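Hi,

Here is the structure I said I'd pass on to you. Have a look at it first, and then read my notes below.

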Amino acid sequence: MAEARRRILTVFAGLPGGQTSGAQRMAWRTTAALARRGHIVAVRTDAAPPSEVDTAFAEPAGFVPDVVHAYDLALPGAVVLARDLARRCGAVFVLTPASAPSVWPDVDLGARLCAAAEALFLLTPAEAAALRAFGADPARLRTLPSAPDLAGRPDPDGFRARHGIAGPLVLFLGRRVATKGYRVLLDAAPRVWADHPGTTFAFAGPYAEPGAAAAFAAADPRIRDLGVLDEQAKHDALAACDVFCLPTSADVFPLVFAEAWSLARPVVTGRFPGVRDVVGDGVDGLVVAARAADVAAAVGRLLADPALRAALGARGRARVAATMGWDRVAAAVEAGYPGYRTTFSAPPRSNRS
């Protein structure tokens, strides 16, 4: 291992009601991968670990970290605690913002926390540009790849049988908040049914805003509300779908895109800042405005063209195999901790031929 063994404390907050975010999953998986690489790791959080992380990484007696690594400026309270802890114990403070500035509850606080970090771990050039606009030192910006986070072996046929789905399946998987676009997809469904009446739209993820549950109360029977799925059921659902659709308008790099691609499923996404660095339009997915008519047109185009679906999914899977994985993420984090000077460089872009 090129990097010296370090004592690393990972700090992040949980969501209300046991909800899980991509930032939490990134924190758990990266910490586990760093442990596999020989570092001494511990975690401070109120979020439960994923099922495949077989330890909570409790702090051993007398543990004093060399590095305090905080995640997610959408929940900045834990990041403040991490910064203050690093100051008290003389550790290096580093930060993975993990969310778009548009969803930070306190943009000024977020900018101050970015300025306090000795390294910032980012997923796209657009995220780097946004932080430079807040005054972040370019020399402190570090590149991270993404990675799928799937458990077990998928059973798509079993998933379809359990839910009585025989025809095309469009899947939404995410927190049900306005920026993720679940209402946009609900509004798009009748437009899709005009040409593809046998299509099922399945929605999975927590109700994360007022009125989210009510949106599904009297839905067409071709709308399936799956609630919150466990890790195996999520894997099954992704493998069972024909199209994965997350018409998000505020994201950095949704992990679920990497998961869909790892199963050779094409994605439909809304336009969010930096989307060109995440999804290659016409390469591994379709990028459209987060409006019902545009989303319906994209979904309908994929349902009508199995060859296009297969080509986009295959290119997505090849991209995951070539550039993504938690060991790659951990290696980039390890090399990016202060003491290793790096500059931001763009990860491979999916829309380059």
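Before we count anything, one term: a cavity is a set of grid points where a 1.4 Å probe fits but cannot get out, whereas a pocket is an open set. Bear in mind, too, that this is a predicted model.

**Spaces inside**

How many cavities of 30 Å³ or more does the structure hold? There are two of them. The second largest cavity has a volume of about 40 Å³. To find it, pick out M26, L123, L144, P145, S146, A147, L255, W326 and V329, which line it. That lining splits into eight nonpolar residues, one polar and no charged.

Then there's the largest pocket, with about 1,200 Å³ of space in it. Its lining takes in 50 residues, and L15, T20, S21, G22 and R175 are the closest to its centre. Three elements give two or more residues to this lining: α1 (22-36), α7 (231-240) and α8 (255-262). Which of them gives the most? That's α1, with six residues. By type, the pocket lining has 27 nonpolar residues, twelve polar and eleven charged.

**A closer look at α1**

Since α1 came up, let's stay with it. This helix has 15 residues and spans 21 Å from its first C-alpha to its last, close to the 21 Å expected at 1.5 Å a residue. Is α1 largely enclosed or left open? Twelve of its 15 residues are buried, so the rest of the structure largely encloses it. The buried ones include A23, Q24, R25, M26 and W28. You've already met M26, as it also lines the second largest cavity. After α1 comes G38, which has a positive phi, near 100 degrees.

**Aromatic rings**

Now for the rings: a search of the whole structure turns up eleven aromatic pairs. One of them is F12 with W28. Why is that pair called edge-to-face? Planes over 60 degrees apart count as edge-to-face, and these two are at 85 degrees with their ring centres 5.5 Å apart, so the pair fits that label. F12 sits in the loop between β1 (7-11) and α1, while W28 is in helix α1 itself, so to speak 16 residues along the chain. Both count as buried because buried means under 20% relative accessible area: F12 is at 3% and W28 is at 2%.

A second pair to look at is F172 with F203, which is tilted, at 5.6 Å centre to centre and 35 degrees between the planes. It links distant parts of the chain: F172 is in strand β7 (residues 169-173) and F203 is in strand β8 (residues 200-204), 31 residues apart. F172 is buried at 0% relative accessibility, and F203 is buried with a relative accessible area of 0%. These two also belong to a cluster, in which ring pairs link F172, Y182, F203, Y207 and F216.

**Charges over rings**

Last, try finding two arginines that sit over rings. R176 lies over the face of F216, at 4.7 Å from the ring centre, and F216 is one of the residues in that ring cluster. The other is R222, whose charged end sits over the ring of W193, 3.9 Å from its centre.

Have fun clicking around!

Key:
Residues numbered from 1 in each chain as written. Predicted model: local features only at pLDDT ≥ 70, side-chain atom pairs only at ≥ 80, totals over all residues. Heavy atoms only, no water. 1 Å grid on protein atoms, 1.4 Å probe; cavity = no way out; pocket = protein on both sides within 12 Å on 5 of 7 lines; lining within 4 Å. Points joined across faces, edges and corners; volume = space filled by probe spheres on them. Helix = DSSP H or I, 4+ residues; strand = E, 2+ residues; numbered from the N terminus. Nonpolar A, V, L, I, M, F, W, Y, C, P; charged D, E, K, R; others polar. Expected span 1.5 Å × (residues − 1). Buried < 20%, exposed > 50% of the residue type's maximum accessible area, 1.4 Å probe, protein only. Phe/Tyr/Trp six-rings, centres within 6.5 Å; stacked < 30°, edge-to-face > 60°. Lys NZ or Arg CZ within 6 Å of the ring centre and 35° of its normal.
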